[in-house]
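Colleague: I am new to this structure and would like a close look at one part of it. Please take me through that part slowly, and explain each term as it comes up.

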2 protein chains.
Amino acid sequence: MSEMNATPENASIARIGEVLRDHQSFVLISHVRPDGDAIGSQLALGFSLMAAGKSVRLINEDGLPDNLAFMSGSDKIELPPAEPLDVEVAIALDTAAKPRLGDNALHAASKAKIWLNIDHHKSNPSYGDLNFIDSSSPATGQILYQIITQLDLPLPAETRDAIYVAVSTDTGSFQYPSTTAKTYEMAADLIHRGLNVGTLNSQTYDNHPYRRVELMRALLNTLELSADGLVANWELRDQTRIDLALLPEDSEGLIDIIRAIRGVQLAVFFEELEGGKIRVSMRSKDKRLDVCRIALEFGGGGHALAAGIRMTGPLEEAKALVLAAIRRHIEAAGL
Amino acid sequence: MSEMNATPENASIARIGEVLRDHQSFVLISHVRPDGDAIGSQLALGFSLMAAGKSVRLINEDGLPDNLAFMSGSDKIELPPAEPLDVEVAIALDTAAKPRLGDNALHAASKAKIWLNIDHHKSNPSYGDLNFIDSSSPATGQILYQIITQLDLPLPAETRDAIYVAVSTDTGSFQYPSTTAKTYEMAADLIHRGLNVGTLNSQTYDNHPYRRVELMRALLNTLELSADGLVANWELRDQTRIDLALLPEDSEGLIDIIRAIRGVQLAVFFEELEGGKIRVSMRSKDKRLDVCRIALEFGGGGHALAAGIRMTGPLEEAKALVLAAIRRHIEAAGL
């Protein structure tokens with residue numbers, strides 16, 4: 001029945017249940033620059049454990065992004081405290097590699113005796129004491145739904161809505177190939193549990209700051225097509241970020257605009273970061289064009305259809321290197 | 001159990017089943033300028049009836065739009081033939097008013113002895129001999145899923161995929177308030193029946209012609225905010241339409257980009273048409289700001305949250321008049 005790609009290291013859900021039941025204090029952490037699945041996963045499991053009477057802290061290296069502040073209970077998301085927390089269990093959620101939790105968050109969780117690692121990223125090296133990595137799940141939020149319902153843990157309204165936002169944002173609103181029948185069945189069940197689908201989606205998707213639209217315009221004005229229209233890329237200069245007073249989350253999902261161009265198989269977003277580093281985000285439409293493999297060449301990582309790199313600048317050089325690697329992979333794939 | 005808003009005129013599904021079983025030849029028609037739910041509904045019921053051995057013609061006044069040509073079986077969609085078809089039953093799908101079927105399509109169906117009218121638009125006056133109007137359904141495609149499964153009619157792959165596209169496009173990918181638990185359960189069932197969610201969504205949403213992205217850029221470069229950020233508007237010049245070789249469907253849904261700006265309660269799209277006429281599309285986020293009432297002042301119409309006008313140009317004059325009316329309505333609403 002299960003579509004789970006079990007790795008040998010995966011703990012059973014029953015064993016995870018024991019750890020949750022047998023301890024009283026938890027810190028839940030997700031990755032830097034958190035997205036909907038990161039914050040959603042923290043809120044989902046966090047409010048379930050709180051409803052079960054546990055003491056829970058929700059920590060994120062970068063805090064709560066403005067665009068997710070609508071989420072019920074999100075005021076519980078804290079920046080890492082300076083001193084390590086007195087907690088028994090640390091739970092890493094939706095975080096493919098331990099350093100991606102952030103130095104301050106790791107310091108805050110350093111007194112934890114047990115590390116639990118729950119994630120859906122294929123590349124996750126199972127860095128926890130107990131791990132539950134299911135790369136067949138489209139979102140960590142869906143894994144948590146499975147764990148919470150299977151263990152019969154409480155599922156309060158905050159958990160219900162957070163699971164939905166986590167999964168909706170990580171599937172491009174139930175569109176990506178990772179979306180399964182279970183994903184839709186889960187959404188139906190959450191509605192039966194009282195979720196308001198119209199309001200929640202409106203808060204998630206119809207509430208962009210004006211600067212995001214300005215960013216969209218700035219990006220579109222740099223759009224380039226190459227490799228006979230198979231590759232689309234655009235870029236963001238640090239100066240534009242300053243001029244528009246952009247926040248990190250403002251660019252989230254915008255790459256889908258150029259990914260959606262007919263004929264484009266690979267979309268690339270080049271971002272100049274403060275200090276001259278370059279962030280590269282890649283999205284593929286074709287399984288034969290595994291962007292994770294391209295990212296690995298530059299020390300990056302991710303999934304076959306969505307991967308990223310951080311590399312040294314300047315932007316022109318990074319662009320030339322990455323676009324050349326992409327051309328090689330396109331040729332090798334015979335596209 | 002049923003969430004259907006039955007009107008007194010609605011036929012039972014059993015009665016519809018009798019009509020479908022007892023006749024051999026059918027013409028299925030949807031509205032002019034067809035969208036995903038219109039074409040999807042025709043293909044869904046059409047291929048089900050064909051698989052049941054019936055003779056079926058699928059007619060649309062404007063034919064198959066380019067952006068839906070990916071749909072399996074869509075080559076069966078024909079322009080209306082000049083001579084009336086020899087068919088027993090005509091079925092109007094997703095069409096709120098009979099004239100919206102188009103003059104040529106109505107002429108083609110004029111020999112039909114029985115008219116069946118299946119739709120989800122509240123305003124549908126039940127113009128068929130048999131009617132099934134369910135305004136609680138987010139799409140006509142979902143009504144057809146209910147009818148087909150309840151009557152145990154064949155559900156071939158074309159029907160399966162067409163239902164999904166109809167419902168997905170009419171719910172903004174499972175986001176609008178009209179989306180119910182049944183909608184998600186239906187999607188899960190269609191996946192269990194073999195639907196490929198990744199491929200189908202990619203074909204539906206990730207397949208825009210490049211000119212649509214160019215249009216997006218051109219529109220963004222005309223974006224204006226007014227009334228303290230409550231109103232966003234952009235415009236399309238006839239010359240841009242010519243320069244980019246735009247088709248009517250290229251602008252579909254783009255107004256959602258500016259409707260989604262935080263604080264914006266009303267989005268307006270001004271389009272210069274061939275011959276100098278101006279088309280105005282308005283979307284409201286706030287029920288107190290009834291854009292249908294604004295449209296009526298200029299001889300237009302629509303719904304409270306989505307309405308349109310056709311008026312004489314030039315563009316600057318039309319803009320000034322409509323934006324002034326909007327300001328009056330905003331003041332009257334006390335926003």
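How many residues does the contact take from chain A and from chain B?

Modeller: The contact takes 40 residues from chain A and 40 residues from chain B, where contact means heavy atoms within 4.5 Å. Before going further, please keep in mind that this is a predicted model, in which local features need pLDDT of at least 70 and side-chain atom pairs count only at pLDDT 80 or more, whereas totals for chains, interfaces and linings use all residues. Residues are numbered from 1 along each chain as its sequence is written, chains are lettered from A and ligands numbered from 1 in the order in which they are written, and side-chain values use heavy atoms, with hydrogens and water left out.

The size of an interface is often given as the accessible area lost when the parts come together. Between chain A and chain B the buried area is about 3,600 Å², and carbon and sulfur atoms give 59% of it; buried area here is the accessible area (1.4 Å probe) that two parts lose on being put together, summed over both. On the side of chain A, Gln175(A), Tyr184(A) and Arg262(A) supply 20% of the area that this chain buries against chain B, more than any other three residues.

Tyr184 also appears when one turns to the nonpolar cores, each a set of buried Ala, Val, Leu, Ile, Met, Phe, Trp, Tyr and Cys residues joined through side-chain atoms within 4.5 Å, with buried meaning under 20% relative accessible area (1.4 Å probe, protein chains only). The largest nonpolar core has 103 residues, and those with the most contacts inside it are Ile91(A), Tyr184(A), Ile91(B) and Tyr184(B). Apart from it lies another core, of 38 residues, which includes Leu215(A), Met216(B), Leu246(B) and Ile255(B). As for Tyr184(B), leaving out residues up to four places away in sequence, its partners include Tyr164(A), Phe174(A), Tyr184(A) and Ile191(A) from chain A, as well as Phe174(B) and Thr179(B) from chain B.

Charged side chains take part too, for across the interface of chain A and chain B the rule finds four salt bridges, a salt bridge being a side-chain nitrogen of Lys or Arg within 4 Å of a carboxyl oxygen of Asp or Glu. In one salt bridge the side chain of Asp206(A) meets that of Arg259(B), at 3.1 Å from N to O.

Terms used. Buried means under 20% relative accessible area, exposed over 50%, partly exposed in between (1.4 Å probe, protein chains only).
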